[in-house]
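Work through the following exercises with the coordinates open beside you. Each task is followed by a solution that proceeds step by step.

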Amino acid sequence: MTNDVKEIFAGEAPPAPAALAAKVRTLAPSMTRSMQRVAEAVAGDPAGCAALTVTGLAELTGTSEATVVRTARLLGYPGYRDLRLALAGLAAQQQSGRAPAVTADIAVDDPIADVVAKLAYDEQQTLADTAAGLDTVQLGAAVTALAAARRIDIYGVGASGLVAQDLAQKLLRIGLIAHSHSDPHLAVTNAVQLRAKDVAIAITHSGSTGDVIEPLRVAFEHGATTVAVTGRPGGPVTQYADHILTTSTARESELRPAAMSSRTSQLLVVDCLFVGVAQRTYEKAAPALSASYEALAHRHTPRGGGSR
């Protein structure tokens with residue numbers, strides 16, 4: 001477990017029972033292997049673990065009592081007693097009569113109907129996990145900075161580059177000056193021009209993409225407000241971020257790479273940022289959005305009176 005992860009989650013209120021599994025999925029990659037065993041046990045069988053003492057859970061997971069307590073604290077609970085109460089609450093929710101979840105990975109020979117069901121479930125879980133783990137204080141601070149920004153630069157490559165483009169075009173349509181950069185050289189060149197009234201946003205699921213970290217570092221050093229949208233709250237990108245927005249770390253499989261699951265959670269965060277900024281700048285945003293609709297309306301009108 002890194003000191004960065006400890007600092008990020010220090011002082012937070014204990015997560016609600018429904019958010020516990022999401023927090024486990026988000027933080028597991030940053031834990032030691034022994035702590036991962038504890039986290040996986042409590043997320044996988046909350047009812048069973050809620051009935052165990054700290055000694056019993058340590059024996060079940062082949063770890064120590066100290067490891068169990070450290071895991072509880074990393075997950076946001078003052079101690080193991082508080083974690084047990086959350087586990088009991090989560091178990092009660094799971095026993096409330098909901099239909100069993102679709103959790104199996106997609107197989108090569110799955111019928112297309114099963115593929116649709118499994119992908120739909122995974123997408124829903126990813127969105128729920130991201131919403132449960134999103135720090136609304138950090139989100140609000142990022143929205144405030146964006147609403148007042150002179151200029152906004154957004155960095156992302158690969159699938160994250162598509163998300164960066166999506167955010168840029170949304171902000172442009174409500175009258176803000178926003179540009180996305182997937183070329184690392186252009187990204188750094190533009191970052192050099194940023195100042196204190198500007199905002200730079202880095203989108204990287206891994207939190208360690210050099211082509212995204214470098215321009216964010218430059219923007220940070222030139223005084224811009226910086227935001228990281230990442231699935232790794234302890235990743236290198238966060239050392240240059242004033243505000244950190246954590247996305248869900250969803251399950252990966254052979255036929256569902258990380259680029260798919262990360263994009264889903266990133267788009268949710270992007271939409272939250274956009275709506276928040278539109279609310280803050282409504283008097284300016286509403287007319288700008290209407291003007292953009294009108295400017296593009298003729299492109300959606302069928303030619304010759306026909307229908308498409």
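**Exercise 1. Register of the last strand pair**

Task: State which residue of E5 is the bridge partner of Thr 230, and then describe the pairing around that bridge.

Solution: In this predicted model, the bridge partner of Thr 230 in E5 is Thr 246. A second bridge in E5 is found at Leu 245, whose partner is Val 229. In total, four bridges join strand E4, which spans residues 225-230, to E5, and these two strands run parallel. As a general point, the strands of a sheet pair through backbone hydrogen bonds, in either a parallel or an antiparallel manner.

Next, consider the side chains of E5: His 243 and Leu 245 point one way from the strand, while Ile 244 and Thr 246 point the other way, and all of them are buried.

**Exercise 2. The sheet and the helices on it**

Task: Give the strand order of the sheet, identify its edges, and describe how helices H9 and H10 are placed on it.

Solution: The open sheet consists of five strands in the order E2-E1-E3-E4-E5, with parallel pairing. Its edge strands are E2 (178-181) and E5 (243-246), each of which pairs on one side only. From one strand to the next, the twist averages 15°.

Turning to the helices, H9 (residues 136-147) lies across E1 (152-155), E3 (199-204), E4 and E5, and runs at about 125° to E5. Helix H10 (residues 159-173) also packs on the sheet, where it touches E1, E2 and E3, and its direction makes about 170° with that of E2.

**Exercise 3. A helix crossing**

Task: Classify the crossing of helices H3 and H6, and describe the residues that make the contact.

Solution: Begin with the geometry: the axes of H3 (residues 33-44) and H6 (residues 65-74) come within 9 Å and cross at roughly 70°. Because angles of 65 to 115 degrees count as roughly perpendicular, H3 is roughly perpendicular to H6. The contact is made by Ser 34, Met 35, Val 38 and Ala 39 of H3, together with Thr 67, Val 68, Arg 70, Thr 71 and Leu 74 of H6. Sorted by class, this contact has five nonpolar, three polar and one charged residues.

**Exercise 4. Two aspartates**

Task: Decide whether Asp 110 and Asp 129 are buried or exposed, and list their contacts beyond sequence neighbours.

Solution: Asp 110 lies in the loop between helix H7 (80-94) and helix H8 (112-133). Its relative accessible area is 19%, and since buried means under 20%, Asp 110 counts as buried. Not counting residues up to four places away in sequence, Asp 110 touches Asp 105, Val 115 and Lys 118.

Asp 129, by contrast, lies in helix H8, and with a relative accessible area of 6% it is buried as well. Leaving aside neighbours within four places in sequence, Asp 129 is in contact with Ala 22, Arg 25 and Ser 248.

**Exercise 5. The whole chain and its confidence**

Task: Summarise the overall make-up of the protein, and state where the pLDDT is below 50.

Solution: The secondary structure comes to 14 helices and five strands, and of the 308 residues 44% count as buried. Among contacts between residues at least 6 apart in sequence, 71% join residues at least 24 apart. As for confidence, the mean pLDDT is 85, and 84% of the residues reach 70 or more. Over residues 1-11, however, the pLDDT is below 50, and this stretch has 19 contacts in the model beyond near neighbours in sequence.

Methods. Residues are numbered from 1 along each chain as its sequence is written. This is a predicted model: local features need pLDDT of at least 70, side-chain atom pairs count only at pLDDT 80 or more; totals for chains, interfaces and linings use all residues. Side-chain values use heavy atoms; hydrogens and water are left out. Axes are lines fitted to C-alpha atoms, for helices over the stretch in contact, and angles run from 0 to 180 degrees between N-to-C directions. Angles under 35 degrees count as roughly parallel, over 145 as roughly antiparallel, 65 to 115 as roughly perpendicular and the rest as oblique. Contact means heavy atoms within 4.5 Å. Ala, Val, Leu, Ile, Met, Phe, Trp, Tyr, Cys and Pro count as nonpolar, Asp, Glu, Lys and Arg as charged, and the others, Gly among them, as polar. pLDDT is the predictor's confidence in each residue, from 0 to 100. Two strands pair if DSSP finds at least two bridges between them. Buried means under 20% relative accessible area, exposed over 50%, partly exposed in between (1.4 Å probe, protein chains only).
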